[in-house]
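User: Hi! I have a chain open on my screen and would like to understand the terms people use for it. Could you walk me through them?

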Amino acid sequence: MTLVSGWGRFPVVDSDVLRPRSFEAVGDAVVAGSVARGNGRAYGDAAIGAVRTIGMTGFDRVRSFDPATGRIRLEAGVLLADLIDTFGPRGFLPFVVPGTRFVSIGGAIAADVHGKNHHCEGGFGRYVDSILLRTGQGDVIEASREQNSDAFFATVGGMGLTGVILEASMRLRPVETGWIRERVIATSDLDAAMRALDAGDSATYSVAWIDCAARGPDLGRSLIYLGEHAGKDELTEAAAAFPVGRNPGLAVPMDLPSMTLNRYSIRAFNELYYRMGARRAGGSQIVSLYPYFFPLDSIADWNRIYGRRGFLQHQCVIPEAGARAVLADILDRITRRGDASFLAVLKKLGHGDGILSFPLPGYTLALDFPLKGDILNFLDEIDRLVVASGGRLYLAKDARQSRATFEAGYPALPRFNAIRRSLDPAGNIRSKLSQRLFDEV
């Protein structure tokens with residue numbers, strides 16, 4: 001048995017970890033209580049088997065690519081980082097990327113990850129054409145919108161509970177360069193930040209960093225980052241059409257003491273970060289796609305900043321109607337508590353594509369908290385606000401929500417469960433997340 005955790009490093013549990021080298025061996029590895037795992041970037045317990053965890057990163061081959069259409073067939077263990085670095089210089093990028101490029105294709109499909117463009121272009125699953133799936137009862141099926149469509153839409157966003165994703169066919173976006181034309185807007189409070197995001201609906205990419213330490217009239221002050229793909233004619237003569245994707249230049253060498261992140265250090269950092277961002281506001285600049293999409297990837301093992309006990313990420317989506325009041329309430333409770341979130345991101349979302357896809361039209365707020373004190377009780381308090389608003393929590397980021405919170409937020413759960421049972425009547429595919437939220441007790 002091996003100690004396994006998600007990126008948040010909580011919970012840490014024993015699991016029998018296998019790393020098969022063939023699709024046939026994947027089938028042999030599926031026993032009662034199995035689930036697939038990509039590169040371990042789900043924050044909580046979604047990619048930890050109830051008994052056995054099947055590591056899929058060894059399946060990292062591209063099967064085919066058509067440069068005329070941008071369609072690609074690849075194994076589930078391919079990382080987005082390798083896809084970007086290989087096909088970006090050839091003029092193609094994924095349509096959707098999350099906040100880290102170190103996720104596997106299988107994991108991106110299972111979580112139906114979303115990026116800074118969900119408000120206008122949807123999630124990762126929208127650009128997946130078909131999936132080769134090994135079900136819990138041993139069948140290997142091809143699922144698409146036309147063939148085995150129930151399995152397809154349950155697998156997109158289904159957190160690996162419909163079976164093991166072996167391969168996928170998807171579409172890539174043609175681009176001229178690997179650079180982004182970025183515009184920064186500094187806003188003085190939450191109302192201004194939400195107005196700026198609404199005004200940025202026509203931008204391909206939009207995201208807000210929120211200062212969770214700001215209080216009173218400054219509550220919710222933010223930096224809004226709007227972006228568009230830059231063309232070759234926007235680059236200087238010295239700039240290469242595609243920037244070099246470097247490995248992280250810095251690393252957190254050890255677990256930092258729990259006292260490192262406190263109300264004073266976070267307040268000082270946020271003040272500096274806001275002022276530096278505000279200086280860039282007003283104009284536009286050309287930036288590499290790497291810092292624009294993946295700012296934290298420049299620091300290896302950044303999750304160790306939160307200390308040995310780990311951290312919790314709380315990501316909710318609040319429907320558009322009444323979102324301002326709910327978001328203000330959440331931020332006010334955080335500032336009054338004094339444990340400001342080190343990372344706080346606000347984005348707009350559209351409709352999700354999978355049966356259990358997280359997005360719905362509204363605003364998503366992502367917050368990080370060190371695991372200490374009464375944080376679990378505090379997040380239960382925030383959950384009640386989310387549920388009352390008609391919102392829900394993102395399963396790929398979750399490690400502690402209650403079953404009642406989950407069921408209230410996902411009304412399509414009965415349909416998902418029926419499809420899951422049809423694909424896996426013996427209940428072989430089970431994760432720690434499914435034990436906590438889905439499975440009969």
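User: What makes up the accessible surface of the chain, and how many Å² does the surface come to?

Analyst: Happy to help! Please keep in mind that this is a predicted model. The accessible surface comes to about 17,600 Å², and carbon and sulfur atoms account for 52% of that area.

User: Why does the radius of gyration agree with a compact globule?

Analyst: The rule is 2.2 Å times the number of residues to the power 0.38. For 441 residues this gives a value near 22 Å, and the chain has 21 Å, so the two agree. Along its principal axes, the C-alpha trace spans about 60 × 55 × 45 Å.

User: What makes a residue count as buried, and how many of the 441 residues in the chain, in %, are buried?

Analyst: A residue is buried when its relative accessible area is under 20%. By that cut-off, 59% of the 441 residues are buried.

User: Where are the partners in contacts between residues at least 6 apart in sequence?

Analyst: With heavy atoms within 4.5 Å taken as a contact, 75% of those contacts join residues at least 24 apart.

User: How many Å separate the mean positions of the positive and negative charges?

Analyst: The chain has 51 positive and 49 negative charges, and their mean positions are 4 Å apart.

User: How many helices and strands are there, and what makes two strands a pair?

Analyst: There are 13 helices and 20 strands. Two strands pair if there are at least two bridges between them. Strands β11 (residues 179-187) and β13 (residues 222-229) have eight bridges, in the antiparallel sense, so they meet that definition. One place to look is A186, which stands opposite L223 in β13.

User: Why are β15 and β20 said to stand at the edges?

Analyst: Eight strands form an open, antiparallel sheet in the order β15-β11-β13-β12-β18-β19-β17-β20. Since β15 (284-288) and β20 (392-393) each have a single partner strand, one side of each is left without a neighbour in the sheet.

User: Which strands pair with β4 in the parallel sense?

Analyst: β2 (residues 13-18) pairs with β4 in the parallel sense over three bridges, and β3 (residues 34-37) does so over four. The bridge partner of L18 is I54 in β4, while R37 has G55 as its bridge partner there.

User: Which way do the residues of β4 point, and are they buried or exposed?

Analyst: In a regular strand, side chains alternate between the two faces of the sheet. In β4 (residues 52-55), R52 and I54 point one way and T53 and G55 the other, and all are buried.

Notes: Residues are numbered from 1 along each chain as its sequence is written. This is a predicted model: local features need pLDDT of at least 70, side-chain atom pairs count only at pLDDT 80 or more; totals for chains, interfaces and linings use all residues. Side-chain values use heavy atoms; hydrogens and water are left out. Helices (H or I, at least four residues) and strands (E, at least two) are DSSP runs, numbered from the N terminus. Buried means under 20% relative accessible area, exposed over 50%, partly exposed in between (1.4 Å probe, protein chains only). Accessible areas come from the Shrake-Rupley method with a 1.4 Å probe; for residues, only the protein chains shown count as cover. Lys and Arg count as positive and Asp and Glu as negative; His and the chain ends are not counted. The place of a charge is taken as NZ of Lys, CZ of Arg, CG of Asp or CD of Glu.
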